[in-house]
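User: Please take a close look at a single part of this model, one helix and what lies around it.

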Amino acid sequence: MNKISESYEITVKRTDDQSVKIIDNLNGSGNGDQEKEVLNGLLSTPKFISSKYFYDAKGSKLFEDITKLEEYYLTRTEKSILKLLGNKLNLEYHNLNIIEFGSGDHTKIRLLLKQIPEDVLQTITYYPIDISPSAIEKSAKNLLAEFPSLQIGGILTDFMQTISLPDFENKSLF
C-alpha cells in the first residue's frame, strides 16, 4: 500500500462522543499543485477547472440534489439494486470492512446496513471514500445516529490520483 497522508478526527456528538478518524490524502497534493492545476486549466483552450474543486459543502449538497432529479437515474438504480439484492448477497458480515468509493451522502450504504443484524453491525467498520470532507463528516454523523454500534473511518482522496488505503486487518468488501 502507499504511504497514508495526514489524518484528523471529528467527534460525533452522542452520549459517548464517538470520534471518526478521517485519513486526508488531499493534503498530500499541496496547495502549490492545486494552484498549478487550476492555472493550467485557465490557460488552456478551452478553459476549464476540474469539477473536484466544486465539492465543498455547497457543491456536495448541489450534487445530492442532482441525484434526486428524474433524469439522474444512476443513484436511483443503485438504491433499487441494494433494496432488492442486499439481503440476498449471502455475505458473511462479521468483522468486515465495507469500503465505498465515491460515497457521497449515506443513503445507499444505509440501505445495506439496515439489512444487517445489530449484533453483527457492531463488528463492521465502514470506510466512505470521497473528495468532499463535508460529505464524509455529514454521512458519519447521520449513520452513527442511526447505527450507534457501527465503526466508521473516512478517507478523503482525489480519484484522479493514486488512492492510498490503510492496511485492513479484517476482510473487506468494496
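Which exposed residues does the face of α2 turned away from its buried side carry?

Analyst: This is a predicted model, in which local features need pLDDT of at least 70 and side-chain atom pairs count only at pLDDT 80 or more, while totals for chains, interfaces and linings use all residues. Residues are numbered from 1 along each chain as its sequence is written, and side-chain values use heavy atoms, with hydrogens and water left out.

The face in question carries Lys58 and Leu62, both exposed (over 50% relative accessible area; buried is under 20%, partly exposed in between; 1.4 Å probe, protein chains only). Helix α2 spans residues 57–67, and its buried residues are Gly59, Ser60, Glu64 and Thr67. These lie on the same side of α2 because they cover an arc of only 145 degrees around the axis, taken from the directions from the helix axis to the C-beta atoms. Helices are DSSP runs of H or I with at least four residues, strands are runs of E with at least two, and both are numbered from the N terminus.

At the N-terminal end of α2, Asp56 acts as the cap, with a side-chain oxygen 3.2 Å from the backbone nitrogen of Lys58.

The cover over the buried residues of α2 includes α3 (73–85) and α6. Helix α6 (133–146) is also among the elements that each supply at least two residues of the largest nonpolar core, a set of buried Ala, Val, Leu, Ile, Met, Phe, Trp, Tyr and Cys residues joined through side-chain atoms within 4.5 Å. That core has 21 residues, and its largest share, 4 residues, comes from α6.

Terms used: Contact = heavy atoms within 4.5 Å. Polar contact = N/O pair within 3.5 Å; in protein donor to acceptor, adjacent residues only side chain to side chain.
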